[in-house]
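Welcome, and please take a moment to look over the sequence and the 3D view below. The report after it walks through the chain topic by topic.

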Amino acid sequence: MRTFKCFFLGLIFVVDTSFSYSDECEQETARLQAQLKTLEARVMKQQQLIQNLRNQRTEQLVSDLGSFHDLGDHHNRDCAQIFNAGNKASGFYTIRPVASPGLVRVYCDMSEGGGWTVIQRRSDGSQSFNRPWIDYKKGFGDLQSVSGEFWLGNDNLHYLTSQGDYNLRINLADFEGAQRYAAYTNFKVADEKEHYKLQFGEFSGDSGDSLSGSYHPEVQWWASHQGMNFSTYDRDNDRYSRNCAQEDKGGWWFNRCHSANLNGYYYSGAYSAVTDSGVVWYTWHGWWYSLKFVVMKIRPSDFEAATV
């Protein structure tokens, strides 16, 4: 009888244990199935996100490729002529300034009244502006993308501004979303023999006049960029005992050294460094804040939009 009882109790234990294991397996299976569904949903969401990004990139590439306008006429001297010939879309065009030995690919900004030839753009730090003299002479950067960073070239600046009187407009933006602008009359760049010396006239705008250094008479003697020669790390033409371009990481019309350095190193807003080497416009954000976005563009001072 004791043997039978033991056998019966053992059978009950086995059956109970079997049922317990079965319940645990079902619960674990359900948990894993739920987890699998969650992972599948995440994967599908990520795949959709990747596809959206691919679509956006494709659209951007198509937009960039479609931004070049071949007019078949290579006699336009600048973007102002192109605008007044009826071409109102911003984008890349080909021009030939009077003294230029060849054609020049430029970005024409047809906003803000139209007819602007863009000579510089900073937007994301993708291009190094700490370049030698020859690069600044010829120009460098991304002249394919509508948002690409570039310098049009000092020779081209001379060819353009020697055609007549040009106004300069500088659009600025910081990392907080604020925007300012500076405008100057009679913007001129001399030729290479004169080290691409800078000349400009009266200021207007809401950013403050950093180019002339007129914000404080006691610093103007070393902070003004009026009449300054262009310098790069391998061609020192500034008035400083050392090399401003080398210390401030970009080619520019340095004095001793600057109140504006729009070709400086691309930091993200406020920065600390050995020198004030950021993308600087002193009269807006001081020497220790590097701007997010800069566009320099020129247009004839007598420009009038043609009426249709």
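## An enclosed space

How much space lies in the largest cavity? In this predicted model, the figure is about 40 Å³. The structure holds one cavity of 30 Å³ or more.

If you would like to select the lining in your viewer, pick Phe-68, His-69, Asp-70, Leu-71, Gly-72, Asp-73, His-74, Tyr-93 and Thr-94. Sorted by class, these residues are three nonpolar, four polar and two charged.

## The chain as a whole

Stepping back, the chain has seven helices and 15 strands. Its length is 308 residues, and 43% of them count as buried. Among contacts in the chain with a separation of 6 or more, 55% come from residues 24 or more positions apart.

## The nonpolar core

The largest nonpolar core is made up of 57 residues. Which of them have the most contacts inside the core? They are Trp-151, Leu-168, Ile-170, Trp-253, Leu-262, Trp-281 and Met-296.

Trp-151 is a good place to zoom in. Not counting residues up to four places away in sequence, Trp-151 touches Ile-119, Gln-120, Phe-129, Tyr-136, Gly-139, Phe-140, Leu-157, Phe-230, Trp-253, Asn-263 and Met-296. Two of these partners, Trp-253 and Met-296, also appear in the list of core residues with the most contacts.

## A buried arginine

Is Arg-122 buried or exposed? Arg-122 sits in strand S3, which covers residues 116–122. Its relative accessible area is 1%, so Arg-122 is buried.

Leaving aside neighbours within four places in sequence, Arg-122 is in contact with Gln-127, Phe-129, Glu-149, Leu-262, Asn-263, Gly-264, Tyr-266, Val-279, Lys-292, Phe-293 and Val-294. Phe-129 and Asn-263 are on the contact lists of both Arg-122 and Trp-151. The C-alpha atom of Arg-122 is also 9.1 Å from that of Met-296, although the two residues are 174 places apart along the chain.

## An enclosed helix

Why can helix H4 be called largely enclosed by the rest of the structure? Helix H4 spans residues 154–161, and it is largely enclosed because eight of its eight residues are buried.

Those buried residues are Asn-154, Asp-155, Asn-156, Leu-157, His-158, Tyr-159, Leu-160 and Thr-161. One of them, Leu-157, has already come up as a residue that Trp-151 touches.

## Two disulfides

How many disulfides does the count come to? The total is two, and with the bonded cysteines numbered in sequence order the pairing reads 1-2, 3-4.

Cys-79 is joined to Cys-108, with an S to S distance of 1.9 Å. This disulfide links distant parts of the chain, from Cys-79 in helix H2 (residues 79–84) to Cys-108 in strand S2 (residues 104–109), 29 residues apart. The link of Cys-79 and Cys-108 is left-handed, with -75° about the S-S bond, and both cysteines are buried.

The other disulfide is formed by Cys-244 and Cys-257, whose sulfur atoms are 2.1 Å apart. Here too the pair links distant parts of the chain: Cys-244 belongs to helix H6 (residues 244–248), while Cys-257 is in the loop between H6 and strand S11 (260–261), 13 residues apart. The link of Cys-244 and Cys-257 is left-handed as well, at -90° about the S-S bond. Cys-244 and Cys-257 are both buried.

## Backbone details to check

Most residues other than glycine have a negative phi, and most peptide bonds are trans. Against that background, a few backbone spots are worth a look. Where is there a cis peptide bond? One joins Arg-256 and Cys-257, with omega about 5°, and Cys-257 lies in the loop between H6 and S11.

Lys-249 lies in the loop between H6 and S11 too, and has a positive phi of about 65° although it is not a glycine. Its relative accessible area is 32%, so Lys-249 is partly exposed. Tyr-196, also not a glycine, has a positive phi of about 55°. Tyr-196 lies in the loop between strand S8 (188–189) and strand S9 (198–199). With 0% relative accessibility, Tyr-196 counts as buried, whereas Lys-249 is partly exposed.

Note on methods
Residues numbered from 1 in each chain as written. Predicted model: local features only at pLDDT ≥ 70, side-chain atom pairs only at ≥ 80, totals over all residues. Heavy atoms only, no water. Core = buried A, V, L, I, M, F, W, Y, C linked by side-chain atoms within 4.5 Å. Buried < 20%, exposed > 50% of the residue type's maximum accessible area, 1.4 Å probe, protein only. Contact = heavy atoms within 4.5 Å. Disulfide = S-S within 2.5 Å. Helix = DSSP H or I, 4+ residues; strand = E, 2+ residues; numbered from the N terminus. 1 Å grid on protein atoms, 1.4 Å probe; cavity = no way out; pocket = protein on both sides within 12 Å on 5 of 7 lines; lining within 4 Å. Points joined across faces, edges and corners; volume = space filled by probe spheres on them. Nonpolar A, V, L, I, M, F, W, Y, C, P; charged D, E, K, R; others polar.
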